[in-house]
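Biologist: I would like a close look at a single part of this model. Please start with the chain as a whole, then work outward from that part.

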Amino acid sequence: MKGLYRLLRRIMAAALTAVTAAACALALGCLPPGGWAGAAAVLLAQPAALPLLADGAAPAQGTAPEDTAPGAPAGDASAPVPAAAEVSPAPAATAETAGDTGDSAPQSTPLPEPEAVLLDAPDRPDDAGDIVAQTFRQGSGEGYVTLEAGSIRNSTQNPDSVLAEAAAAGLPFSIERNSDEPQVLILHTHATECYQPWAELWYEPGFSARDLDTAVNMCAVGARMAQVLNEAGINTLHDETLHDSPSYTESYDRSAATARAYLEQYPSIQVILDVHRDAIEQDGARLKPLTQIDGQDTAQVMIIAGCGNGSTVPLPNWKQNLAFAAAWETRMETLYPGLTRPVLCGYRFYNQDLSTGSLLIEIGGHANTLAEALRAGEYAARALADLFGAG
C-alpha cells in the first residue's frame, strides 16, 4: 500500500504540474515552439504519468538504447551493450574506492543534497540482478587522445593525430554572458530515461529505467543544469518534451524538429546539449559509473561527439563539436577530477549537425540514483559555466 500511495501521488503531481505549466504558458504568452497551436497541444496531449512507457517501447533488457553502442548508427536500438573493458581500460572499482583522486584534487563548494527521494527497497527477490559501482578511468596510448585533463576515446578510422589536432582548436563559437538572448538549449531525445529508485545495490529484472514523470527522469537533470547556467549568467533554455514517448522510434527525428524550432525562434543559441543517461551491463550486472567529489557519491559523465554515420551520412562540423567536447572535458576534469569518463568520438550523428556546439552527454547510468545524477549534472554545468567565463 505504501508503494502504491507513492505511485499515485507521483502520477497526480506530474499531471497537475504539466497542465498547470502549460496553462501558465498560455496565460503569460510564454509559448513553446509552434505558437498557440503548440501550447494547445501541450494541454491536450499530456501523457498519463505512468511509471514506464505506455507502449512498452523501452529497449529489451540486455540491449543498449540508441545512444550507447559504440560504432552503431544512430537509431540502432539492437546493438549490444559494450563490455566494461571496451568503455574504459581500467579495472572495476568498488563503492569504497570509487573516485579516489588523491590529495591533489582541488576542493570545491559542496553541493546541497539534491531533492531526490529514494524509495525504500522491498525485500530482494530471488531473480534480482546485482549493481556494481565502478569508476571509469581515463584512457591513454593508441586509440586515445590525452588532453590537459581528461581524454578522448577514438572509435573512428581517423588517426589519433587528426582528433588531437581538432581537439586543440578551441571553442568554435563565443558565448555572450548576461545576454537577454538565449545562448544554450538543453533538451532530451530520450527524456523518459530515469534512474535506480533505491540505493541498495540490486535491481528488479523488469525495471526498464523509464518514467514519464519529469520530476525523476532526464528532465530533472536537465532542469538542474539549466538552473546552474542561468544563475551564472548564461541564458539557457530547457525543453522538457518527451521525444521518446509514446514511441521510442524516430525520437531523434522529433528532437531535431524541436531544436530547429528553437534555433529559428532564437538564432542566438550557440550550444545544444542533448542530456541522456547511459545503460551499461556486464554478465547480468548493471554497472554504476560512480566517483566521489567532496565526499559525495556522484555519477560519472561521458560526452559523445559524433563524426557521422560511417560512410553514409557525413557530419561536416564534427571537428568543431569535438573541440567543444575537449574543452568541456578538460574543464570538468580540472575542476572535479574523476567526474568524467573519456569523451567518445565515434560514428554517431545525434543531430550534431545543428550547430558547432552540439553535443550529447550521458549523466550516469541506469544503475545510478537520481541524487547521484543530479550532483553530476550540477558539477558538469558548473564546469561549463566556468568554461564560458562565468566561473
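What share of the contacts in the chain with a separation of 6 or more comes from residues 24 or more positions apart? Then please take helix H5 (residues 218-231) in detail: what covers its buried residues?

Modeller: The share is 81%. Contact here means heavy atoms within 4.5 Å. The model is predicted: local features need pLDDT of at least 70, side-chain atom pairs count only at pLDDT 80 or more, and totals for chains, interfaces and linings use all residues. Residues are numbered from 1 along each chain as its sequence is written, and side-chain values use heavy atoms, with hydrogens and water left out.

The secondary structure comes to 8 helices and 15 strands. These are DSSP runs numbered from the N terminus: H or I of at least four residues for helices, E of at least two for strands. The chain has 391 residues, and 54% of them count as buried. Buried means under 20% relative accessible area, exposed over 50%, and partly exposed in between (1.4 Å probe, protein chains only). The chain exposes about 16400 Å² (Shrake-Rupley method, 1.4 Å probe). Carbon and sulfur atoms supply 55% of that area.

Now H5. Its 14 residues should span 20 Å at 1.5 Å a residue, and its end C-alpha atoms are 20 Å apart, so the two agree. The expected span is 1.5 Å times one less than the number of residues. Asn217 caps the N-terminal end: a side-chain oxygen lies 3.0 Å from the backbone nitrogen of Cys219. After the helix comes Gly233, with a positive phi near 90 degrees.

H5 is largely enclosed by the rest of the structure, because 10 of its 14 residues are buried. Among them are Met218, Cys219, Ala220, Val221 and Gly222. Further along, Arg224, Met225, Ala226, Val228 and Leu229 are buried too. The cover includes strands S4, S6 and S7. It also includes helix H7 (318-335), strand S15 (358-365) and helix H8.

Take Val221. Leaving aside neighbours within four places in sequence, Val221 is in contact with Tyr195, Val275, Ile363, Leu370, Ala373, Leu374 and Gly377. Val221 is also among the residues with the most contacts inside the largest nonpolar core, which has 60 residues. The others named there are Ile152, Leu273, Phe324, Trp328, Ile363 and Phe388. H8 (residues 370-387) gives that core its largest share, 11 residues. A nonpolar core is a set of buried Ala, Val, Leu, Ile, Met, Phe, Trp, Tyr and Cys residues joined through side-chain atoms within 4.5 Å. In soluble globular proteins, nonpolar side chains tend to be buried together. A second, separate core has 8 residues, including Leu185, Ala259, Leu263 and Ile269.

Leu185 leads to S4 (residues 184-187), one of the strands over H5. Val184 and Ile186 point one way from S4, Leu185 and Leu187 the other way, and all are buried. S4 runs parallel to S6 (residues 236-238), joined by 3 bridges. Strands pair if DSSP finds at least two bridges between them. The partner of Ile186 in S6 is His238. S4 also pairs with S7 (residues 271-278), again in the parallel sense, over 4 bridges. There, Leu187 has Asp274 as its partner.

Two asparagines sit in loops beside these elements in sequence. Asn178 lies between helix H4 (160-167) and S4. Asn178 is exposed, because its relative accessible area is 58%. Its C-alpha is 9.5 Å from that of Ala390, although the two residues are 212 apart in sequence. Asn351 is in the loop between strand S14 (343-346) and S15. Asn351 is buried, because its relative accessible area is 14%. Its side chain makes a polar contact with the side chain of Ser255 at 3.1 Å. A polar contact is a pair of N or O atoms within 3.5 Å; within protein, one must be able to donate a hydrogen and the other to accept it, and residues adjacent in sequence count only if both atoms are side-chain atoms. Not counting residues up to four places away in sequence, Asn351 touches Tyr252, Ser255, Ala256 and Ser358.
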